[in-house]
Amino acid sequence: MNSKNVEECRLGFYIVSVVTSEAPEMFLGHMKQLFNLFGSCLQSFADEHLCFYVIKSMTALVSSLGSDDANCFQVLIPYVLEVIRRLVKVSEEKATEALEIFDELIDSEIAILLPHIKPLIKMCLEIASDSKNGDVLRVRAMSVLSWMINVKRKTIVKHKLIPEILEVLFPIMEEVSPGDLDSEHEDEDDERYCQSPSACAA
C-alpha cells in the first residue's frame, strides 16, 4: 500500500476494505497505526477510487472503535467529507455508498461527528440541492441530514442551520419526479428510505 503505483495501491486498500468488512477484529490493537495510514492516503492521494476503499474500511471499523481510537478517527472526518465531494463528480454510486459511514457513526459513535456537524450538514445540502445529481444520491444525502436532525436537533439549532436547511428543502419539495406517483416503497421496513428527493424532503 506504500507503492507509488496507483493500481497496486487500489488493490491493497481494496483488500483492506474486504478484510475490515469480514473480520474487523483482526485490526484490534492496530487501529491507531491503521488510521494514520488512512489519514496519509486521504490527504495525499488524488485518486478518489482509492480513497473510496479507505472510507469503506473506516465504515466497517466504526463498530469496533474503542475510546482510544475515537480521536484518531475523528480527525479524518474533514478529509472524508472532501473525498465524498470529489466522488460525487466521478462516481455517484461510490459517493452514495461512502455516505454510509455517517449512518454507522450516527448509530453508534455520534460523538465523533459533533465537531463536524456544520460541514456535514452543508455537504448534504450541497448534494441534495443539485438537481444534476441522481435521485439515489440526493435521497441518500437527505437521509443522513434527516437522521442528524432527529438525533442532534439542538446542536443544529445552535449552529443556526435551520434557515439554510429550509432554504434548500422547500424547492426540492416542489420538484416532481416519476417516483412520486408511486406510493409503494421497494423496502417498507427501511424507515430511512424515500423514493424521490421531493418525497424525502417532505
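Contact here means heavy atoms within 4.5 Å, and that is the sense used in the legends below for this predicted model.

**Figure 1. The whole predicted model is an assembly of helices.** Welcome to the overview: the secondary structure comes to 12 helices and 0 strands. Of the 202 residues, 45% count as buried. Residues 24 or more positions apart supply 69% of the contacts with a separation of 6 or more. About 10,800 Å² of surface is accessible, and carbon and sulfur atoms hold 51% of it.

**Figure 2. Helix 1 turns one face inward, toward helix 2 and helix 3.** Helix 1 runs over residues 6-22, and at 1.5 Å a residue its 17 residues should span 24 Å, which agrees with the 24 Å between its end C-alpha atoms. Which residues of helix 1 are buried? They are C9, G12, F13, V16, S17 and T20. Seen down the helix axis, these buried residues fall within an arc of 140 degrees, so they line one face. As a reminder, an α-helix has 3.6 residues a turn, so residues three or four places apart point the same way. The buried residues of helix 1 pack against helix 2 and helix 3, while E7, L11 and E22 are exposed on the other side.

**Figure 3. D47 sits in a loop and joins a salt-bridge network.** Look for D47 between helix 2 (31-44) and helix 3 (48-61). Is D47 buried or exposed? With a relative accessible area of 13%, D47 is buried, because buried means under 20%. Leaving aside residues up to four places away in sequence, D47 touches V6, R10 and R86.

**Figure 4. Salt bridges link helix 5 with helix 3 and helix 8.** A search of the whole structure finds 7 salt bridges. In one of them, the side chains of E48 and R86 meet at 3.6 Å, N to O. E48 lies in helix 3 and R86 in helix 5 (residues 77-90), so this pair ties together parts 38 residues apart in sequence. Both E48 and R86 are buried. Another salt bridge pairs E126 with R85, the closest N and O atoms being 2.9 Å apart. E126 belongs to helix 8 (residues 117-129) and R85 to helix 5, so here the parts tied together are 41 residues apart. E126 is partly exposed at 43% relative accessible area, and R85 is partly exposed at 26%.

**Figure 5. K122 and E164 link helix 8 to helix 11.** The side chains of K122 and E164 meet in a salt bridge of 2.9 Å, N to O. This pair links distant parts of the chain, 42 residues apart. K122 is partly exposed, with a relative accessible area of 28%, and E164 is partly exposed, also with 28%. Elsewhere, salt bridges that share partners join E7, R10 and D47 into one network, the one announced in the title of Figure 3.

**Figure 6. A nonpolar surface patch involves helix 10 and helix 11.** V157, I162, L166, F170 and M173 make a nonpolar surface patch of about 420 Å². Helix 11 gives the largest share, 4 residues. V157 is placed in helix 10 and counts as partly exposed at 48% relative accessibility. In the loop between helix 10 (153-158) and helix 11 (162-173) you will find K160. K160 has a positive phi of about 60 degrees although it is not a glycine. For context, most residues other than glycine have a negative phi. K160 is exposed, with a relative accessible area of 71%.

Definitions and conventions
Residues are numbered from 1 along each chain as its sequence is written. This is a predicted model: local features need pLDDT of at least 70, side-chain atom pairs count only at pLDDT 80 or more; totals for chains, interfaces and linings use all residues. Side-chain values use heavy atoms; hydrogens and water are left out. Helices (H or I, at least four residues) and strands (E, at least two) are DSSP runs, numbered from the N terminus. Buried means under 20% relative accessible area, exposed over 50%, partly exposed in between (1.4 Å probe, protein chains only). Accessible areas come from the Shrake-Rupley method with a 1.4 Å probe; for residues, only the protein chains shown count as cover. The expected span of a helix is 1.5 Å times one less than its number of residues. The arc is that of the directions from the helix axis to the C-beta atoms. Patches are made of residues with over 30% relative accessible area and no salt bridge: like charges are joined within 9 Å, nonpolar side chains (Val, Leu, Ile, Met, Phe, Trp, Tyr) within 5 Å. A salt bridge is a side-chain nitrogen of Lys or Arg within 4 Å of a carboxyl oxygen of Asp or Glu.
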